[in-house]
Amino acid sequence: MDMKALKDCNLLVVSERYPHIKDPISSSFLKNQVDCLRDYVKKVYVISLAPYVPGFLSRFAFMEGRGRWDGYAEDYKYDNVEVYFARPWALPFDFSRRRRGDEGLRSARRVIEKNKLEYDLIHAHFTYSAGYVGAKLKEASGKGLILTVHEDRNWLMNEIASKDEKLLFTWRSCDRIIRVNKADLDMFKAINIDPSRLVHIPNGFSSSQFHSISKKEAREKLNIPEDKPVLLNLAALEPYKGQEYLIRAMKTVTERQKDAVLYIVGKGSLRGYLQSLIDECGLQERVILAGGDKPPEEIALWMNSCDIFVLPSISESFGIVQLEAMACGKPVVATRNGGSEEIIVDDGLGMLVEPANSNALTEALLRALERDWDSMEIMDYASGFSWESIAEKIAGVYGEVICRVC
């Protein structure tokens with residue numbers, strides 16, 4: 001690998017989302033990654049394919065759970081990073097969604113031409129539409145292309161099974177495909193991707209944001225009772241995140257752990273349904289939907305306030321929130337969802353159960369609440385997944401690709 005040559009490179013990052021002043025949460029993990037990678041290159045240009053929806057349609061197109069309208073996002077710069085919001089045209093109809101890749105490409109090219117961006121390497125995140133845009137830019141420029149596949153396992157399986165021409169073109173155009181969990185690399189055999197182009201590099205967490213502070217201090221700031229066992233789930237309120245099974249499990253948990261409380265932090269299309277389920281189970285005082293769009297500093301407080309972090313997802317690619325909780329010294333109860341198995345690798349870190357199984361989740365939560373956990377051991381394990389450590393591995397891939405295309 002040629003790390004010296006990399007220091008003279010301009011990196012183009014293509015993503016679906018990127019944080020901005022009015023929405024600091026969207027893909028904040030990606031900004032954390034960029035903030036570490038920027039030390040390895042001369043300059044980073046980020047093009048976010050945030051959709052533009054006409055104002056009179058936006059409230060119909062992006063109701064809760066169906067997306068987010070980022071038409072208000074403004075370009076900005078910091079250090080050696082320049083962030084541009086491409087604003088591809090989007091309408092709330094299937095034909096428009098099918099054309100996301102081509103619309104994204106046109107809008108990305110406009111950004112590149114208008115701002116006279118010169119880049120040496122492309123790193124795209126998610127196969128479609130950012131990966132497709134990256135592949136078309138590579139086709140025109142001859143620059144190296146790295147794609148990180150963040151899709152959860154079921155999503156990726158469906159993509160590969162579809163044999164969609166745009167997806168196949170994207171994957172076959174890549175100099176390297178980074179998959180955030182190792183087990184799923186074998187899926188690419190079905191579409192004859194050269195194994196030498198496949199790399200496993202997990203996601204990471206921000207060590208400056210997530211670290212241990214006093215549980216008492218965190219609970220005081222969040223106005224959470226100090227003397228109760230607290231379970232925490234932080235995720236989108238969507239079917240694949242499995243909160244329905246967690247709420248049903250809590251009905252039995254609270255019968256045996258009289259003071260246990262579950263906080264669910266997040267927003268999404270299932271909020272109304274989940275609240276109805278809480279009411280139906282008589283858990284209004286024991287399961288609290290605490291809302292979403294929390295600022296980063298508050299998310300860290302939630303992690304430090306809990307006794308057990310819970311991720312009951314049906315499908316995941318990796319699950320960064322688990323590492324964020326572990327960095328605060330918290331054990332994790334999760335499902336075998338495709339990602340958690342590669343994080344919870346021994347029983348000193350947490351427990352794994354089958355997905356969509358409330359009974360198994362109940363028993364695991366009760367055992368976890370009764371056990372004494374070694375917080376220092378958990379934090380020490382999590383430290384190996386800091387973005388600083390992960391960025392070094394990604395930069396190594398950049399160096400290999402620079403050698404290959406030069």
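Colleague: What makes C403 partly exposed?

Modeller: This is a predicted model, and in it C403 has a relative accessible area of 41%. Partly exposed lies between the cut-offs of 20% and 50%, so C403 earns that label.

Colleague: Thanks! And why is C36 called buried?

Modeller: Its relative accessible area is 14%. Buried means under 20%, so C36 counts as buried.

Colleague: How do you know that C36 has no disulfide partner?

Modeller: The closest cysteine sulfur belongs to C328, and it is 17 Å from the sulfur of C36. A disulfide needs two cysteine sulfur atoms within 2.5 Å, so this pair is too far apart for a bond. By that rule, the count of disulfides is zero.

Colleague: Let's turn to a helix. What makes α6 mostly covered?

Modeller: Helix α6 spans residues 127–141, and 12 of its 15 residues are buried, each with under 20% relative accessible area. Among them are Y128, Y132, V133 and L137. After α6 comes G142, which has a positive phi, near 75°.

Colleague: Why is D374 described as partly exposed?

Modeller: D374 has 40% relative accessibility. That value falls between 20% and 50%, so partly exposed is the right term.

Colleague: Where is D374 placed, and which residues gather with D374 in a patch of negative charge?

Modeller: D374 sits in the loop between α14 (358–370) and α15 (375–382). On the surface, D346, D347, E377 and D380 gather with D374 in that negative patch. Patch members need over 30% relative accessible area, and D374, at 40%, passes that cut-off.

Terms used. Residues numbered from 1 in each chain as written. Predicted model: local features only at pLDDT ≥ 70, side-chain atom pairs only at ≥ 80, totals over all residues. Heavy atoms only, no water. Buried < 20%, exposed > 50% of the residue type's maximum accessible area, 1.4 Å probe, protein only. Helix = DSSP H or I, 4+ residues; strand = E, 2+ residues; numbered from the N terminus. Patch = residues over 30% accessible without salt bridge, like charges linked within 9 Å, V, L, I, M, F, W, Y side chains within 5 Å. Areas by Shrake-Rupley, 256 points an atom, 1.4 Å probe, with all protein chains shown as cover. Salt bridge = Lys/Arg side-chain N within 4 Å of Asp/Glu carboxyl O. Lys, Arg positive; Asp, Glu negative; His and termini not counted. Charge placed at Lys NZ, Arg CZ, Asp CG, Glu CD.
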